[in-house]
Amino acid sequence: MSAARQGVTEARRVVVKVGSSSLTTAAGGLDADRVDALVDVLAKVRDGGEREIVLVSSGAIAAGLAPLGLARRPKDLARQQAAASVGQGLLVARYTASFARYGVRVGQVLLTTDDTSRRAHYRNAYRTLDQLLAMGAVPVVNENDTVATDEIRFGDNDRLAALVAHLVRADLLVLLSDVDGLYDGDPSTPGTSRLAEVRGPADIAHVTIGSAGKAGLGTGGMVTKVEAARIAAAAGIPVVLTSASRAADALAGRDTGTHFHRTGRRSADRLLWLAHASTPQGALILDDGAVRAVVERRTSLLPAGIASVEGEFSAGDPVELRDTAGRAVARGLVNYDAKEIPQLLGRSTRDLAKELGPAYEREVVHRDDLVVLNP
């Protein structure tokens, strides 16, 4: 067994993501046999409690299609939310019954980007997941599709899984789909081969990656899985990408799927969410000096360095920090409403405090709430 695969077997806390196509029928509705087969594998992996499993599961919308008489996944948000409302209950009920065969409890955790980019919400999400694991339960995580809007969606559960892996300080992320790994071309084309290992972006620079899944029930494809693997690997978490039917082999460290090696180290927890899960509600245009201070010296953003403001946002919202050419250089959580900022432009915090009061002697974006993009 290679060192990389041995690391898989030694991983104590594992996040497993499974897609809609691996749990449901093409017509919509849960496939109980598929759910049970996945649970059989996961229950065996965590047997004895030495390994912890967090399950990020798609399938709520797909599970709600047949009960609501929908022939296919709807395109409009309102009907997607309705399907998710019906399907999420069915999905968790199915997991609850299936894990009960092994005397294992499950706990439902529904997240939106707003829950995870804001400091207090982020800590609460971590505490809930950590406590569920400490009490021997299996957290079943999904995006809260019933309330999420287009502006506050993760977009796909592959990215959500990568961010959850970072949130819970996982040792391994396993992405399960209907394809048994990443190929150097269309898997259905003769002559293509599976990539067993990816050590960095250069290893797949030549690969054309498809964007659509086979069943048409999910929102992702191989593009989202590779992007999720990149996010996790850059945060110091190895990733195995394979099919749901080969989950047991993947978790046993056997040669299946594609293994993405770590490419970076763990970063500050919330900053990964801020970079990859937040949707900027506006933008602050910085002068050249402020760009250098934020990007090179990693300082907080002060009013004196802001040239203009765009969009409508409230204190605590994520915003982009852009240079004078319009290029996004950073992202952060702003401490002021958009309507307050014009009177602050180009002024020192000391002068603002004298004129407007001590509440204005603060950063527009604190360095602890700021992440540099493409440094």
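## A hairpin to start with

Let's begin at β11 and strand β12 (residues 328-333): the two run antiparallel and are joined by five bridges. Strands here count as paired if DSSP finds at least two bridges between them. Helices (H or I, at least four residues) and strands (E, at least two) are DSSP runs, numbered from the N terminus. Across this pair, proline 318 sits opposite leucine 333 in β12. The hairpin of β11 and β12 has five residues between the strands, and glycine 326 there takes a positive phi near 90°.

A word on what you're looking at: this is a predicted model, where local features need pLDDT of at least 70 and side-chain atom pairs count only at pLDDT 80 or more, while totals for chains, interfaces and linings use all residues. Residues are numbered from 1 along each chain as its sequence is written, and side-chain values use heavy atoms, with hydrogens and water left out.

## The neighbours of β11

Strand β11 covers residues 318-322, and four of its five residues are buried. Buried means under 20% relative accessible area, exposed means over 50%, and partly exposed is in between (1.4 Å probe, protein chains only). Besides β12, β11 pairs with strand β9 (residues 282-286), this time in the parallel sense over three bridges. Two of the partnerships are easy to look up: isoleucine 285 goes with arginine 322, and alanine 283 goes with glutamate 320.

How many of the five residues of β9 are buried? Five of the five are. Gly282, Leu284 and Leu286 are on one side, with Ala283 and Ile285 on the other, so both faces are covered. β9 also pairs with β10, running antiparallel to that strand over five bridges. Here alanine 283 stands opposite glutamate 310.

## The eight-stranded sheet

Now for another sheet, an open one of eight strands with mixed pairing, in the order β3-β4-β2-β1-β5-β7-β8-β6. Its edge strands, β3 (106-111) and β6 (197-198), each pair on one side only. β3 pairs with strand β4 (residues 138-143) in the parallel sense, over six bridges. Within that pair, leucine 110 stands opposite asparagine 142. Helix α2 packs on the sheet, where it touches β1 (13-18), β2 (52-57) and β5 (172-177), and its direction makes about 155° with that of β2. Contact means heavy atoms within 4.5 Å.

## Where two helices cross

Helix α2 (residues 32-45) also meets helix α4 (residues 77-100): their axes come within 9 Å and cross at roughly 50°. That angle makes α2 oblique to α4. Axes are lines fitted to C-alpha atoms, for helices over the stretch in contact, and angles run from 0 to 180 degrees between N-to-C directions. As for the labels, angles under 35 degrees count as roughly parallel, over 145 as roughly antiparallel, 65 to 115 as roughly perpendicular and the rest as oblique.

Which residues of α2 and α4 make the contact? From α2 come Ala32, Val35, Asp36, Leu38, Val39, Leu42 and Ala43, and from α4 come Arg94, Tyr95, Ser98 and Phe99. By class, the contact has eight nonpolar, one polar and two charged residues. In this scheme Ala, Val, Leu, Ile, Met, Phe, Trp, Tyr, Cys and Pro count as nonpolar, Asp, Glu, Lys and Arg as charged, and the others, Gly among them, as polar.

## A covered helix and some loop residues

Helix α7 (residues 157-167) is mostly covered, with 10 of its 11 residues buried. Among them are Asn157, Asp158, Leu160 and His166. After α7 comes arginine 169, in the loop between α7 and β5. Arginine 169 isn't a glycine, yet its phi is positive, near 60°. Is arginine 169 buried or partly exposed? With a relative accessible area of 37%, arginine 169 is partly exposed.

Arginine 298 also has a positive phi, about 55°, although it is not a glycine. You'll find arginine 298 in the loop between α11 (288-295) and β10 (306-311), partly exposed at 45% relative accessibility. Leucine 70, in the loop between α3 (60-65) and α4, counts as buried at 18%. The C-alpha atoms of leucine 70 and alanine 83 are separated by 8.7 Å, with the two residues 13 apart along the chain.

## The whole chain

Stepping back, the chain has 12 helices and 13 strands. Of its 375 residues, 52% are buried. Among contacts with a separation of 6 or more, 72% are between residues 24 or more positions apart.
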